[in-house]
2 protein chains.
Amino acid sequence: MFVILRTNTMFKTPITGKQKKMARYAKAMGHPVRMYVLELLSKQSCCYSGDLTEELPIAKSTLSQHLKELKEAGLIQGEIEAPKIRYCLNRENWKEAQILFEAIFDM
Amino acid sequence: MFVILRTNTMFKTPITGKQKKMARYAKAMGHPVRMYVLELLSKQSCCYSGDLTEELPIAKSTLSQHLKELKEAGLIQGEIEAPKIRYCLNRENWKEAQILFEAIFDM
DNA sequence: ATTATAGTTCGTTGTTAGACGAACGACGAA
DNA sequence: TTCGTCGTTCGTCTAACAACGAACTATAAT
């Protein structure tokens with residue numbers, strides 16, 4: 001018989017998967033430019049990288065990096081409409097983030 | 001007559017103070033240990049550094065650094081009860097953070 | 001006075017983040 | 001085909017981050 005011990009006692013880490021997940025989302029949101037993008041996308045269905053480049057006072061390569069970070073955190077996704085890329089929220093993960101923050105803020 | 005132009009057109013930054021504030025809170029929440037602390041404190045009135053040291057698999061000096069980051073972001077505060085320090089949420093800023101996250105998640 | 005407890009600060013190390021311009025790749029238009 | 005547009009990747013630089021142990025500070029207990 002195998003008893004798979006995955007309790008916190010065993011590994012001495014009380015930090016839950018939810019907390020790790022939430023920290024990941026928070027980390028992605030922890031930069032003003034990325035906050036700007038997320039807020040914009042939460043209010044409209046999509047936006048294009050080029051539009052953001054014009055609005056934000058950063059190099060387009062920097063914007064690419066920020067968008068990449070948001071993609072890797074799972075909060076946004078991009079769809080190619082050659083030659084442009086259209087970005088939108090990943091609704092599933094956005095919902096998950098909402099639920100996690102909701103829980104900690106007791107809302 | 002002085003006209004103080006502080007519009008976004010003038011300085012070409014559309015990023016609002018709220019977004020910056022929110023990014024600051026998110027940045028502080030963007031580490032699992034700090035997430036753990038905040039969640040614990042949101043559920044109970046206070047905790048002691050020493051208790052956290054025993055619960056978390058990190059050096060106490062590392063914990064001090066994390067607590068310092070949360071203090072500097074304004075999310076927690078410490079009160080000396082020699083020889084211990086009692087930490088609790090900064091209710092005002094916690095509320096502010098709640099409101100900001102509430103707004104972006106449309107809750 | 002010394003010792004013990006509790007927690008912070010310091011210094012170090014290695015990693016990551018965020019900024020940029022240049023080079024690049026993927027298209028569509030001419 | 002070349003050229004232009006669009007956005008990404010690369011390389012570089014500097015700063016920030018997160019880990020640790022040791023030294024330090026502030027107390028209370030002996």
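Start by selecting B:Pro83: one of its backbone N or O atoms sits 3.5 Å from a sugar or linking oxygen of DNA strand C. Keep in mind that you're looking at a predicted model.

Next, pick B:Ile85, where a polar backbone atom is 3.4 Å from a phosphate oxygen of DNA strand C. Then hop over to chain A and click A:His31; an N or O atom in its side chain lies 3.2 Å from a phosphate oxygen of that strand. Want the elements around here? Colour helix H5 (60-72) of chain A, plus H4, helix H5 (60-72) and strand E3 (84-89) of chain B: each gives two or more residues to the surface near DNA strand C.

Now show everything around DNA strand C. You should get 20 residues, with A:Lys27, A:Thr62, A:His66, B:Ser64 and B:Tyr87 coming nearest. Colour that surface by class and you'll find 6 nonpolar, 10 polar and 4 charged residues. On the DNA side, 66% of the strand C atoms within 4 Å of the protein belong to sugar or phosphate, and the rest to bases.

Hide the DNA and turn to where the two chains meet. Chain B brings 32 residues to the contact and chain A brings 33. Together they bury about 3,000 Å², 73% of it on carbon and sulfur atoms. Select B:Gln19, B:Ile104 and B:Phe105, which lose the most area on the chain B side, together 22% of what that side buries.

How many salt bridges are there between chain B and chain A? The count is 0, while 2 residue pairs are in polar contact across the interface.

Last stop: the face of chain B that touches chain A, with 19 nonpolar, 6 polar and 7 charged residues.

Definitions and conventions. Residues are numbered from 1 along each chain as its sequence is written. Chains are lettered from A and ligands numbered from 1 in the order in which they are written. This is a predicted model: local features need pLDDT of at least 70, side-chain atom pairs count only at pLDDT 80 or more; totals for chains, interfaces and linings use all residues. Side-chain values use heavy atoms; hydrogens and water are left out. Contact means heavy atoms within 4.5 Å. Buried area is the accessible area (1.4 Å probe) that two parts lose on being put together, summed over both. A salt bridge is a side-chain nitrogen of Lys or Arg within 4 Å of a carboxyl oxygen of Asp or Glu. A polar contact is a pair of N or O atoms within 3.5 Å; within protein, one must be able to donate a hydrogen and the other to accept it, and residues adjacent in sequence count only if both atoms are side-chain atoms. Ala, Val, Leu, Ile, Met, Phe, Trp, Tyr, Cys and Pro count as nonpolar, Asp, Glu, Lys and Arg as charged, and the others, Gly among them, as polar. A residue is near a molecule or strand if one of its heavy atoms lies within 4 Å of it. Helices (H or I, at least four residues) and strands (E, at least two) are DSSP runs, numbered from the N terminus.
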